[in-house]
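The exercises below are to be worked with the sequence and the model open side by side. Each task is followed by a solution in steps.

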Amino acid sequence: MAIFLRKIKTPPNRILLVRPDALGDLLQTLPAIEALSKQIHAHVAVLIHSRNVSLLEANSAVNQIITWDCPVAKNEIIQGKFDVVLSFYSSFPLPTTIKKALRTIPKRIGAIKNLAMLRQWNYPVLQSRSMNLKNEALYNAELLNAFTFIFDISIKKPRLIWQAGELEKQKEKFPFLEKKVFTIVMHYRFAGSSPTWLKQQYADTVYKLLLDGNRVVLVGFLEEEQQWHAELKLKYEKHFPEQIVDLTSKLKLRELASLMHFSQLYIGSSTGPTHLAASVGTPIIGIYSPLHVTTEIRWAPYLYEGTIFSPTVPCKPKYKCAGEACPYYYCMKLITAEQVRQAVQKRKKVG
């Protein structure tokens, strides 16, 4: 639930929407951006990180993209002459120059945690996201109630928009797809705010899936992921030379999205690639921690198709795993490779 202390009654001519953080967070904001764009006749700009720009290619809901980590972002905001700015993540630590530029916009909507934030957001919202009672996409849509002229805040699932002919060109980059084999994209998360699967569980899962005749494509971005996936490929390619493919750190964002589109399944944890797979309509198997701050209730892809595994243990810490002080440590090992294998087999029967 959100409490709006003030509301905007006049439709803006130019509005700036802010979602400055990660890949999955922006994808979970797209439904709200699209719902707003359909109900106002205004120039809609977004302020995002430069690494996420390609997500908005061909999206007609957005007229302008400003990247906050670009040196000219401050000038673009000021010169944009926006009537309203709405931040979907108002406590994100933006650079001081960007915060000052945003304060030049007359009407500024943002959720506040303390009175000091009233200087930044003069149309404040009290919103209890940390309770994790609903999906992040619904929390984002809830902020549209700050406008009295928005009558419908119902949203659809996040979706990546393709340019004309894009998928056909992208498919040419993956010649291995010519052989019709059930293809699973997998991502192992090394960095993040919550516990993840043990490396051995991930390796065992890859092996079982290869043994069942599936094609497994390993993806990721970090150096640690690249090293680990190289080890796995070296370990298994002798027995499964045509089934294991390592594309870690080799794909741009939309290339990864197109690979997911042409694949039959995605397996990963609570990270951006999981949301990306869901946004192109690929069924997912998610591996989620029971930690409150990363609960699947809030952070699963909105309206996803698939299965999410999370240890069924009472997890008391809110923001950080208690480690060995917890009697259920390391609970993520309760999610076994065999469980995931069976979920894959069930998905293959569905088709």
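**Exercise 1. A covered helix**

Which residues in H10 are buried?

Solution. The model is a predicted one, and burial here means a relative accessible area under 20%. By that cut-off, the buried residues in H10 are Gly 272, Pro 273, Thr 274, His 275, Leu 276, Ala 277, Ala 278 and Ser 279. The helix is therefore mostly covered, with 8 of its 8 residues buried under the 20% limit. Next, identify the cover: it includes the helices H1, H9 (253-262) and H11, together with the strands S8 (183-187), S11 and S12. Finally, look at the backbone just after H10, where Gly 281 takes a positive phi of about 85°.

**Exercise 2. The strand pair S11 and S12**

Determine in which sense S11 and S12 pair, and over how many bridges.

Solution. Strand S11 covers residues 265-269, and its pairing with S12 is parallel, over 4 bridges. One position to check is Ile 267, whose bridge partner in S12 is Ile 285. Then turn to the faces of S12 (residues 284-287). Ile 284 and Gly 286 lie on one side, Ile 285 and Ile 287 on the other, and all of these are buried. Both faces of the strand are thus covered. S11 and S12 also appear among the elements that cover the buried residues of H10.

**Exercise 3. The largest pocket**

Describe the lining of the largest pocket, and then place Asp 25 in its surroundings.

Solution. Start with the volume: the largest pocket holds about 1,400 Å³ of space. It is lined by 44 residues, and the closest to its centre are Arg 19, Asp 21, Ala 22, Asp 25 and Trp 299. Helix H1 (23-27), helix H10 (272-279) and helix H11 (296-299) are the elements that give two or more residues to this lining. By class, the lining comprises 16 nonpolar, 18 polar and 10 charged residues.

Now take Asp 25, which is found in helix H1. Its relative accessible area is 13%, so Asp 25 counts as buried. Beyond four places in sequence, Asp 25 touches Arg 19 and Trp 299. Those two contact partners are also listed with the residues closest to the pocket centre.

**Exercise 4. The second largest pocket and Ser 87**

Which residues are closest to the centre of the second largest pocket?

Solution. The second largest pocket encloses about 200 Å³. Of its 15 lining residues, Ser 90, Lys 99, Met 117, Gln 120 and Trp 121 are the closest to the centre. The lining divides into 8 nonpolar, 4 polar and 3 charged residues.

Follow Ser 90 to Ser 87: the side chain of Ser 87 reaches the backbone nitrogen of Ser 90 at 3.2 Å. Ser 87 belongs to strand S5 (residues 84-87). With a relative accessible area of 2%, Ser 87 is buried. Apart from residues up to four places away in sequence, Ser 87 touches Val 18, Ile 109, Gly 110, Trp 121 and Leu 143.

**Exercise 5. Thr 67 and its contacts**

With which residues is Thr 67 in contact, leaving aside its neighbours within four places in sequence?

Solution. Thr 67 lies in strand S4 (residues 64-67). The contacts are with Leu 47, Ile 48, His 49, Ser 50, Val 53 and Ala 73. For Ile 48, 19 residues apart from Thr 67 along the chain, the C-alpha separation is 5.0 Å. Thr 67 is classed as buried because its relative accessible area is 14%.

**Exercise 6. Backbone exceptions**

Compare Lys 81 and Asn 132: is each buried or exposed?

Solution. Most residues other than glycine have a negative phi, and most peptide bonds are trans. Lys 81 has a positive phi of about 50°, and Asn 132 one of about 55°. Lys 81 sits in the loop between helix H3 (73-79) and S5, and at 66% relative accessibility it is exposed. Asn 132 is in the loop between strand S7 (123-127) and helix H5 (136-142), and at 5% Asn 132 is buried.

For the peptide bonds, go to Tyr 329 and Tyr 330, which are joined by a cis bond with omega about 0°. Tyr 330 is in the loop between strand S13 (306-309) and helix H12 (337-350).

Conventions. Residues numbered from 1 in each chain as written. Predicted model: local features only at pLDDT ≥ 70, side-chain atom pairs only at ≥ 80, totals over all residues. Heavy atoms only, no water. 1 Å grid on protein atoms, 1.4 Å probe; cavity = no way out; pocket = protein on both sides within 12 Å on 5 of 7 lines; lining within 4 Å. Points joined across faces, edges and corners; volume = space filled by probe spheres on them. Nonpolar A, V, L, I, M, F, W, Y, C, P; charged D, E, K, R; others polar. Buried < 20%, exposed > 50% of the residue type's maximum accessible area, 1.4 Å probe, protein only. Polar contact = N/O pair within 3.5 Å; in protein donor to acceptor, adjacent residues only side chain to side chain. Contact = heavy atoms within 4.5 Å. Pairing = 2+ DSSP bridges.
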